[in-house]
Amino acid sequence: MTRWNEFYVHTTREVPSDAEVISHQLMVRAGMIKKLAAGIYTYLPFGWRSIAKMAAIVRREMDAAGAVELSMPAIQPAELWQESGRWQRYGRELLRMQDRHDRDFCFGPTHEEVITDLVRRDVRSYRQLPFNLYQIQTKFRDEIRPRFGLMRGREFLMKDAYSFGATEAQLDEAYEAMRRAYCAIFEACGLEYTMVEADTGTIGGSSSHEFMVVAQTGESAVVSCGCGYGANIEKAESRLPAVPVPATEPGARRTVPTPGHSSVPDVAAFLGVPATRIVKTLLYETEKEFVAALVRGDREINEVKLQNALGCDHLALASEEKVERLTGAAVGFAGPLGLPAEVRLIADESVRELRGFVCGANESDAHLVDLVWGRDLSLPPVADLLLVAGGDPCPRCGEPLQLSRGIEVGHIFKLGTKYSEAMRCHFTDEHGAELPMIMGCYGLGIGRTVAAAIEQNHDADGIIWPLPLAPFEVLLMTINATDEATRKAADELHAALVARGIEVLYDDRDERPGVKFKDADLLGIPVRVVVGGKSLAAGQVEVSRRRDRVKEAVPVTAGLEAVLARLAAEGRRLPG
């Protein structure tokens, strides 16, 4: 029996000052989590029940997909990360530490190195392949700005799986099995989600897909098309229509004073040209060089695409001081013509066909006009560097792309041989040849998915739990808990519900009805039963669903059936 007075749940009306998103606010107010340090939370009993349910759904579907559970150490030796090449490349998000013998370790943000080391010690032959191993475990990533509660914390609970095979076909089979498993997981949670193409990031590999829970408050932008194409904004491909060629041949290149006009809209208005005929030049700094990236004036650079095209580990806009040193001008007047040889040039596809375009003159308060590729300067190497926007043509069918927001809750990768080659995780094939194993990895945020469920299911008064993730299925509430008749009726209904296998939180507090109803709305338990007051005096109890709040007074003797009917409406399958 779970009585409120015996259960550790403490709600609050106060909205945390650092809570920027609704899931963070409601999880704190509902007594699900409590902050210990920046990005580090205690899962309180009410919250842990949802976390445990999420983990159980994940385990069920992973097991059904043929994956086998294990548990790996959270603390990992630096030698493995140095062997894979990620010790420095991963950056400051990797929490590094030393033991008493001054040996370097890290708190694992992910486990590619550890699982590869494990498998290379045990597996020798193609006959032992393929297989898929997974765990549900605490990870740590030292985010520079942890925020949004469980959405972007530093310490978090994650399911990570790793497949090993002998052939690309085996990788494809494992990838498809995980795709189906992830779909089954999010459908079992009652969530609206989508799968989109994604960048592989620091994990690496040949391709990857993200699973997004659709929510207006989502931190990730995604584009999609009715033809089936979908990608996050970092990965989305561009297919812009060409800018019309000027009717007359551009005149000779010339320098035009543009005093005080450095932004594209200002320059376009001052010169009387469309922004589409301006080439914007942005100066970046990597770990080894300066880069000038060119893009059409009406568009933006996708820095993830740029970093991938450059093959660098770190990328940041150059400081104002460095821009002035390299260009001899203030920020806003950089251009591709006349930059020092130390600056590497790269251009987005959008500038390739421009004729008679405008760019910065590398001279304060001046721009160059009527430039032509091949005549005035050479076209730099070209790549897709564009940040795609809603309304852009779909790269598959050409129809306008739809822009929406989502919360990343899962990410699957085809790693290939990235880690097995670096760490010599080899097997012997049927001909006796030694080959690197072909790997995939598959991550899913446990706490993040629970938080995403709240982002997708709430109102002004609190959480509206989808039944599979609800900490309890039924909230049984008494009005005037000290009244003997009320207590007797509630106890009997509680016993009947528990006997049918229903998870009930029994609010037996001697508290004002208004306080109880406020807490009930905040906690968002799917079905509510109120015992006491005028209804009980008439021989009835009040039953309602949190999602629609439609209340019905039913005879006390019909209370059990009324609750079961509403649980069935929420998708609960009950034995007969």
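**Entry 1: the cavity**

I started with empty space, and the largest cavity in this predicted model holds about 40 Å³. I then looked up how many cavities reach 30 Å³ or more, and the structure has 1.

Which residues line the largest cavity? I noted Val243, Pro244, Val245 and Pro246 from one stretch of numbering, Arg277, and then Glu353, Leu354 and Arg355. Sorted by class, this lining comes to 5 nonpolar and 3 charged residues, with no polar ones.

**Entry 2: the domains**

Next I wanted the layout of the chain. Domain 1 is written in two segments, 7–236 and 403–454. Domain 2 covers 254–383, and domain 3 covers 472–569. I checked the spacing of the first pair: the centres of domain 1 and domain 2, taken over C-alpha atoms, are 38 Å apart.

**Entry 3: where domain 1 meets domain 2**

I looked up the contacts here and found 8 residues of domain 1 touching 6 residues of domain 2. The area buried between these two domains is about 490 Å², and carbon and sulfur atoms give 41% of that area.

Which three residues supply most of what domain 1 buries against domain 2? They are Arg89, Asp199 and Glu234, and together they supply 72% of that area, more than any other three residues.

**Entry 4: polar links across the interface**

I went on to the charged pairs and counted 1 salt bridge between domain 1 and domain 2. In my notes on side chains, arginine 89 and aspartate 313 meet in a salt bridge, at 3.6 Å from N to O. For polar contacts across this interface, I have 3 residue pairs, both partners at pLDDT 80 or more. On the side of domain 1 that touches domain 2, I sorted the residues by class: 4 are charged, 2 are polar and 2 are nonpolar.

Technical notes: Residues are numbered from 1 along each chain as its sequence is written. This is a predicted model: local features need pLDDT of at least 70, side-chain atom pairs count only at pLDDT 80 or more; totals for chains, interfaces and linings use all residues. Side-chain values use heavy atoms; hydrogens and water are left out. Domain bounds come from an automatic or database domain assignment. Contact means heavy atoms within 4.5 Å. Buried area is the accessible area (1.4 Å probe) that two parts lose on being put together, summed over both. A salt bridge is a side-chain nitrogen of Lys or Arg within 4 Å of a carboxyl oxygen of Asp or Glu. A polar contact is a pair of N or O atoms within 3.5 Å; within protein, one must be able to donate a hydrogen and the other to accept it, and residues adjacent in sequence count only if both atoms are side-chain atoms. Ala, Val, Leu, Ile, Met, Phe, Trp, Tyr, Cys and Pro count as nonpolar, Asp, Glu, Lys and Arg as charged, and the others, Gly among them, as polar. On a 1 Å grid over the protein atoms alone, a cavity is a set of points where a 1.4 Å probe fits but cannot get out, and a pocket is an open set with protein on both sides within 12 Å along at least five of seven lines; lining residues have an atom within 4 Å of a point. Grid points are joined across faces, edges and corners, and a volume is the space filled by probe spheres set on the points.
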